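Me: I should like to understand how the descriptive terms for a protein model are justified. May I put some questions once the model is shown?

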Amino acid sequence: MAVDRDRVSALVRELLVAIGEDPDRPGLRMSPQRVADLYADEFFAGVGEDAAAPLRRTISVSHGPAPDTTPSGAVLLRGIRFRSVCEHHLLPFAGHVDIAYLPGEQVVGLGALPKVVDILAARPQVQERLGEQIADTIDAALDCRGVLVVLDAVHQCVTMRGGRQPDASTVTVAARGAFTDPAARAELMALISRGSA
C-alpha cells in the first residue's frame with residue numbers, strides 16, 4: 001500500500017492549524033507537501049514492501065562459482081547504517097546494524113542485507129521488533145543455520161523529549177538457530193565490538 005500523499009499533505013496542513021500556526025505563511029506553505037513526499041519516498045516507503053525480495057537471488061555454496069570455498073563460519077556484515085521512525089511518538093531513531101548469518105547451502109550477495117534493513121526500517125517501528133523482523137526475514141529466506149542481528153540506535157524520543165539524554169543509545173539483539181547458544185553468540189559479539197572500537 002503506497003502512502004497517500006494528498007491525504008498526508010491535507011493532514012499536515014490540519015496539524016499546523018491545530019497547533020496554532022498559519023499553514024499559508026511563507027515558511028510553512030510548502031511544508032505539507034514536503035512532509036508527504038518525505039513520508040512516501042523515505043520514512044514509510046517500506047510499508048507493504050516484501051523485505052525478503054532482496055534475498056531471492058542466492059548463490060549455491062556447493063554448486064556455485066567457487067565450490068571449493070565453502071564457508072565454515074559466519075558471514076558478518078558490520079556497521080549497516082539505518083534510520084527509522086518510532087511508532088510511539090513518530091520521531092526518528094537512527095544507528096547501525098550488525099548482521100551475521102551461518103550459511104546453509106545458499107549464500108546471498110552482501111549488498112542484499114542492507115536492502116532488507118532499509119525496507120523493514122522504512123515503516124513505523126520499534127527497535128526491538130525491527131531486529132526480530134530482520135532476523136526472521138534472513139532466517140526464512142536463506143534457510144541458514146543461524147542469524148544474529150545487533151542494533152545500536154539513538155532515539156529522538158529519548159534525546160529530545162522526556163529525560164533528554166543526548167548520549168544514550170539503545171542496543172538490541174535478535175538471535176536465531178545456532179546463535180541462540182551463548183558461546184556462539186559471544187564470539188560474534190566480540191567481533192562486532194572489535195569493529196566498533
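Reply: Let us begin with a definition: a residue is buried under 20% relative accessible area, exposed over 50%, and partly exposed in between (1.4 Å probe, protein chains only). The model is predicted, so local features need pLDDT of at least 70 and side-chain atom pairs count only at pLDDT 80 or more, while totals for chains, interfaces and linings use all residues. Residues are numbered from 1 along each chain as its sequence is written, and side-chain values use heavy atoms, with hydrogens and water left out.

Me: Why is Glu-87 called partly exposed?

Reply: The relative accessible area of Glu-87 is 33%. Because that value lies between 20% and 50%, Glu-87 counts as partly exposed.

Me: What makes the pair Glu-87 and Arg-129 a salt bridge?

Reply: A salt bridge requires a side-chain nitrogen of Lys or Arg within 4 Å of a carboxyl oxygen of Asp or Glu. In this pair the closest N and O atoms are 2.5 Å apart, so the criterion is met. Glu-87 is in the loop between strand 2 and strand 3, whereas Arg-129 is in helix 4, 42 residues apart. Helices (H or I, at least four residues) and strands (E, at least two) are DSSP runs, numbered from the N terminus.

Me: Why is Arg-176 said to tie together parts of the chain with Glu-132?

Reply: The two residues form a salt bridge, their closest N and O atoms being 2.4 Å apart. Arg-176 belongs to strand 7 (residues 170–177) and Glu-132 to helix 4, so the pair joins parts that are 44 residues apart in sequence.

Me: Is Arg-176 buried or exposed, and how is that known?

Reply: Arg-176 has 15% relative accessibility; because this is under 20%, Arg-176 counts as buried. Glu-132, at 31%, counts as partly exposed.

Me: Why is Arg-56 called exposed?

Reply: Its relative accessible area is 57%, which is over 50%, so Arg-56 is exposed. Arg-56 forms a salt bridge with Asp-50, with the closest N and O atoms 2.3 Å apart.

Me: What makes Gln-127 buried?

Reply: Gln-127 has a relative accessible area of 1%, and because this is under 20%, Gln-127 is buried. Gln-127 is placed in helix 4 (residues 127–142).

Me: How do you know that Gln-127 and Thr-172 make a polar contact?

Reply: A polar contact is a pair of N or O atoms within 3.5 Å; within protein, one must be able to donate a hydrogen and the other to accept it, and residues adjacent in sequence count only if both atoms are side-chain atoms. The side chains of Gln-127 and Thr-172 are joined at 3.3 Å, so the distance satisfies the limit.
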